[in-house]
Amino acid sequence: MVTRILLIDDEPYYLEGHINALQEAGYEVEIAETAEEAIGRLKRPPAPTLLIIDLIMPYSRGEIGPDNGNTTGLHLLEVIRRDLKLAIPVIMLTIVARRDRHAQIEDTERKYGMMAVIRVKPYLPSELLEDVRSLLDSESTSGGGEP
Amino acid sequence: MRALVSLLFLTAWLTLAGLVSFKATSAAAAIGTQQNVTPTPAVAPTLTAIPTPVPTAAPTSLPPVYEQMLAVEKSVLETTRSTLGFVFNVITVVLAALGLGGFGAYWIIERAARRAEDAAGEVREVKKASKQALGDATAARESLDAFKVEMHRVQSAAKESADALKAGMEHTRTDLERAKGDVQTWRKATKHDIAQLRYSILSIRIEDYRNDLLGDDPVSQWKAKQALKAMTDISRPALIRRRSVEALAEYALLSQDKEIIDHLKVITEQDHSKTVRDAAQRALQQTSGIPAS
């Protein structure tokens, strides 16, 4: 079975590093550079196995979005769980190290019976791969489904 | 071959018995024939041969004396003939019996000899089998001896290996004890290297964001501004916070961006590091036109 990872980030610096690390580990990687692109992709099958979402990014090309774009990743997560009803495991990337912002992410996930992994930038590629494997393992043991 | 010899022997015996019987019968027959011959009249021997007058006619009857003599002689001959016949018959029977007995005895002896020979053959076979079994037993004993020697050798080798392994493990344990400190040192060094690596990445990213802040792309500018603000969080290293503040101050001085100026004000009040607070304070003074002290 192919493990397809949708990487949603607007920074070329991180995108390039992530794609290389994930592909070398044997995963199939798709990218979306805005929340809007990600939603469009998630509406089409096949659904990805795992999502990696950057917290701070523009909602669409040319539009920063609500909260000055500081919570676009969180907004996207809400749409994925509530509107698209997808129970795909998520790794949330953020340069924000503030606990209150992390708590917002955790609360959103808890509301839908999910638990995202929060990875603060900067991090090593091996750390991101460790998160990916950990989530996929727990997903295979518990089984996925709609939230 | 034995059967042929036996047959010849039997044939010889029967032939001999038949001959004896034939002779006896012929003799008896000859005696019997003689009694019917008219006896030649006795002639007185003379020195010279005088022709005897040949009777021209046979006598028609004999004198009574001759008749009596002939009768007696006939009786004697008859008795003798029957006696001889009986004797020859007895001899024939005896010889036949002897022949059959001899043949029987020969056959019995022959059969016994054959059985004895068979038994001797069986004994030879048994001896041969015994010899082979003895050879096998000897070979088995030799194999067992060789196996014992090999087992002893293997046991010795195993003991030597176990001793060597034990010594090696002891040696390794000692080495590990010695290296324990080295491993801890190495771990510390690795941890330090990773921390340095993170710091280096952040430093690079700060420079990138500084460039993006001063660039023309509004989205990149926005992203850099948010990132630099995030890097002034108290959880970041002080040096990173100070360099992020300096990058933001440079941008604030040029743009007079209220969002950044407000953020710098918060830093001057809340940051734990005096160096960072001073950097923010200097930026604010420059932004407001007050020369930095």
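Here are some short exercises on this two-chain structure, each with a worked solution.

The model is predicted, so local features need pLDDT of at least 70 and side-chain atom pairs count only at pLDDT 80 or more, while totals for chains, interfaces and linings use all residues. Residues are numbered from 1 along each chain as its sequence is written, and chains are lettered from A and ligands numbered from 1 in the order in which they are written.

**Exercise 1. Find the order of the strands in the sheet of chain A, and say which strands stand at its edges.**

Step 1. Start with the terms: helices (H or I, at least four residues) and strands (E, at least two) are DSSP runs, numbered from the N terminus. Two strands pair if DSSP finds at least two bridges between them.

Step 2. Trace the sheet: 5 strands of chain A form an open sheet in the order 2-1-3-4-5, with parallel pairing.

Step 3. Look at the ends of that order. Strand 2 (28-32) and strand 5 (117-120) of chain A each have a single partner strand, so one side of each is left without a neighbour in the sheet.

Step 4. Zoom in on one pair. Strand 1 (residues 4-8) and strand 2 of chain A pair in the parallel sense over 5 bridges, and A:Arg4 has A:Glu28 in strand 2 as its bridge partner.

Step 5. Add the helix: helix 1 (residues 12-24) of chain A lies across strand 1, strand 2 and strand 3 (50-54), and runs at about 160° to strand 2. Such angles run from 0 to 180 degrees between N-to-C directions, with axes fitted to C-alpha atoms, for helices over the stretch in contact.

**Exercise 2. Locate the cis peptide bonds at A:Pro46 and A:Pro122.**

Step 1. Keep the background in mind: most residues other than glycine have a negative phi, and most peptide bonds are trans.

Step 2. A cis bond joins A:Pro45 and A:Pro46, with omega about 0°. A:Pro46 sits in the loop between helix 2 (35-42) and strand 3 of chain A.

Step 3. The bond from A:Lys121 to A:Pro122 is also cis, with omega near 0°. A:Pro122 belongs to the loop between strand 5 and helix 5 (125-142) of chain A.

**Exercise 3. Decide whether A:Lys85 and B:Gln256, each with a positive phi, are buried or exposed.**

Step 1. Set the cut-offs: a residue is buried if 20 or more other C-beta atoms (placed from the backbone) lie within 10 Å of its own, exposed if 12 or fewer, and partly exposed in between.

Step 2. A:Lys85, with phi of about 55°, is in the loop between helix 3 (72-83) and strand 4 (90-94) of chain A. It has 11 other C-beta atoms within 10 Å and is therefore exposed.

Step 3. B:Gln256 has a phi of about 55° and lies in the loop between helix 4 (238-255) and helix 5 (258-270) of chain B. With 11 C-beta neighbours inside 10 Å, B:Gln256 is exposed.

**Exercise 4. Describe how helix 2 and helix 3 of chain B cross.**

Step 1. Chain B has 6 helices and 0 strands.

Step 2. The axes of helix 2 (residues 64-213) and helix 3 (residues 218-230) of chain B come within 8 Å and cross at roughly 135°.

Step 3. Helix 2 and helix 3 of chain B are therefore oblique to each other (under 35 degrees is roughly parallel, over 145 roughly antiparallel, 65 to 115 roughly perpendicular, and the rest oblique).

Definitions and conventions
Contact = placed C-beta atoms within 7 Å.
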